[in-house]
Amino acid sequence: MYPRLFTPLDLGFAVLPNRILMGSMHTGLESRPDGMARLAAFYAERAKGGAALIVTGGFSPNAEGNLGPHRAEFSTAQDAENHRVIPRAVHDAGGRIVLQLLHSGRYGFHEQIVAPSAIKSPINPHTPRELTAREIEQVIDDFSRAATLAREAGYDGVEIMGSEGYLITQFLAARTNHRTDEWGGALENRMRFASEIVRRVRAAAGPQFIVVYRISALDLVEGGLEAAEIQSVARAVADAGATLLNTGIGWHEARIPTIAQAVPRGGFAWATRRLKEAVSIPVVASNRINTPEVGEAILVRGDADMVSLARAMLADADFANKAKAGDRPAINICIACNQACLDHYFIGQPASCVVNPRAGRETKLVFNPAPKPKRIAVVGGGPAGLSCAAHAAERGHEVTLFEKAAELGGQFNLAKVIPGKHDFGESIAYFAERLKRAGVRVMVGKEAGARELAGYEEIVVATGVDPRTPPIPGIERAVSYVDVLNGKVQAGRNVAIVGMGGIGFDVALYLLERDSRAPYDPAAFAAHWGVGNTPAPAKPRHQITMLKRSHTPFGHTLGRTTGWVHRAELARNGVRMLKGVEYRRIDERGVHITVDGKERLAEADTVIVCAGQTPRRQVSGHLIGGAKEASELDAKRAMLEGAELAARL
Ligand code: NAP
Ligand code: SF4
């Protein structure tokens, strides 16, 4: 029969590693000239880290199925030859790897896209061409040929991408399939495409080949499949020869968050459980599983037989082995920010990770032992300083870290109180532990001046930022976001926010959501966003007006894949947003402004300033993070600069 992937279920973290699948992610390396070697190094590190099975990023079985204008295709003998290095590296590291076959259908960002019906997606400017019945047969054959090539390349199997709104889901849903031939109409016809692909892939690749089918356990779009229909699809692909059912949640065009910070940890495992009830092959839960205890709970509850971690394995390549060793404090937890992984894909950069900048740079960012250990002082214990101190000490340097505040973490201490950003606290705890293990001398509550820094061979200035105070008359009546987020100031009912960058949005969310729902509660999340019903009505505790001088779109600096969640949340809470604002003065009535030449008043009993930052530099040395450049600072740049400097010192 089909291959076994894991041992029987035990309890405790000891069993979890055998049941961790590394889920597919677009790394952006798939279409690069040096991509194969870099992917080999990337996956080999994760195989060495204990993942039971790895799924690559998506490769199309033909030209029309490519996701973008760049070729990420797996359709020729030459492609198979080019890929050989990947399964070889993974096998050498003791792992197993399957190639994901993804036909994007109407989601492809190019002119040649095809779909069951010529219906444009709301998230793509291109309209697809309707496939003929003959072409459908050809696409199915393309999948089976790609599977044969994958076996020849050395892969252990393939994952057939049947979720997230790509071609196979477009066949399944009446929303996108208006055909009247044998591939459209009743569900039995609409799911023929999926089951036929699995059947022919299995026939072509043989009984020992792993065939994962990634099924859409929840479509989250109008005209998508109902729960019972999804169970029918699950049974059909299992009968057709799938080894494993992996879970996908929501089409990309869905307006309900599926992996963003707003999603509770493991918040969709209940949908995987419905699949498990329908089939006897193993099923895999996914989405926001970022700690061993969340994965373990899913397995113990019986919601799934395996758990899929994708971003969590970017954040820590050794996640599975550390879980196996019960070494939870050593795990670098994914904070679900999407900033360096998914957001990178949309700007054509290779995926990496905010909290682990080495991810995706395995061949470039290398931490060799220091040839001559030095005495290094790192001034500042925010993201940049933590990253630099940890890496430098692990290279063998003698590192002392000075932090003026009473605790490590810097800006992360403010971020961790924002709804959905609780995991920033995990990062601080992780780095504190890592410093301890690396032997860094940590001096908290200690400002470093010339006297403290005497005798160090290298001084790293990671002193961060100070909030900017704009020169608006009456600004002394306003409060800084820092005092709101650290609880020193309680905002009144009417609030005006000066500045609409990431922190302005975060502060608005903080005020609106602080008490409105329990974090990490899947039921509250489902009710809040209307999963399967209408969303719960908003009951804002504050009337908020957000202001900015520029004319750029609201929230344009927010993450590509997460900004819409923040905008949707503020819109449903009735937050007013004004751009092109000229500030006149602040008084007891609020903020007096001019917009389009007209004087207006943004009424407020609390005015919160979120107008960016300026660098804080008291000492000289190697500048990194906010101390180097405050504008557009984010944790991604801070952590990367810290790591890169540590690699050079
Ligand atoms: P920011 O993104 O630079 O935004 C600063 C805001 O202040 C802008 O809206 C700017 O808009 C306004 N401003 C600047 N100078 C001003 C002045 N002199 N008077 C009045 N208004 C002024 O900074 P931030 O919001 O503090 O965020 C800091 C960094 O953290 C950013 O890189 C940000 O991307 C990142 N971050 C991201 C997120 C997220 O993506 N969710 C969350 C938090 C932080 P106008 O010039 O138009 O008035
Ligand atoms: Fe997770 Fe953010 Fe790293 Fe992506 S960049 S893997 S979301 S921590």
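**Exercise 1. Locate Asp 303 and describe its surroundings in this predicted model.**

Solution. Step 1: Asp 303 belongs to the loop between helix 10 and strand 10, where helices (H or I, at least four residues) and strands (E, at least two) are DSSP runs numbered from the N terminus. The model is predicted, so that local features need pLDDT of at least 70 and side-chain atom pairs count only at pLDDT 80 or more, while totals for chains, interfaces and linings use all residues. Residues are numbered from 1 along each chain as its sequence is written, chains are lettered from A and ligands numbered from 1 in the order in which they are written, and side-chain values use heavy atoms, with hydrogens and water left out.

Step 2: With a relative accessible area of 4%, Asp 303 is buried (under 20% relative accessible area; exposed is over 50%, partly exposed in between; 1.4 Å probe, protein chains only).

Step 3: The side chain of Asp 303 makes a polar contact of 2.7 Å with that of Arg 273 and one of 2.8 Å with that of Arg 301. A polar contact is a pair of N or O atoms within 3.5 Å; within protein, one must be able to donate a hydrogen and the other to accept it, and residues adjacent in sequence count only if both atoms are side-chain atoms.

Step 4: Beyond its neighbours within four places in sequence, Asp 303 is in contact (heavy atoms within 4.5 Å) with residues including Trp 270, Lys 276, Val 283 and Ile 298.

**Exercise 2. State which residues of helix 10 are buried and what covers them.**

Solution. Step 1: In helix 10 (residues 292-301), the buried residues are Pro 292, Val 294, Gly 295, Glu 296, Ile 298 and Leu 299.

Step 2: Their cover includes helix 9 (269-278), strand 9 (283-285), strand 10 (306-309) and helix 12 (319-324).

Step 3: After helix 10 comes Gly 302, with a positive phi near 85 degrees.

**Exercise 3. Examine the backbone of Leu 220 and Arg 288.**

Solution. Step 1: Most residues other than glycine have a negative phi.

Step 2: Leu 220, not a glycine, has a positive phi of about 60 degrees; this residue is in the loop between strand 7 (210-218) and helix 8 (227-239). Leu 220 counts as buried because its relative accessibility is 17%.

Step 3: Arg 288, not a glycine, also has a positive phi of about 60 degrees. Arg 288 is in the loop between strand 9 and helix 10 and is buried, at 4% relative accessible area.
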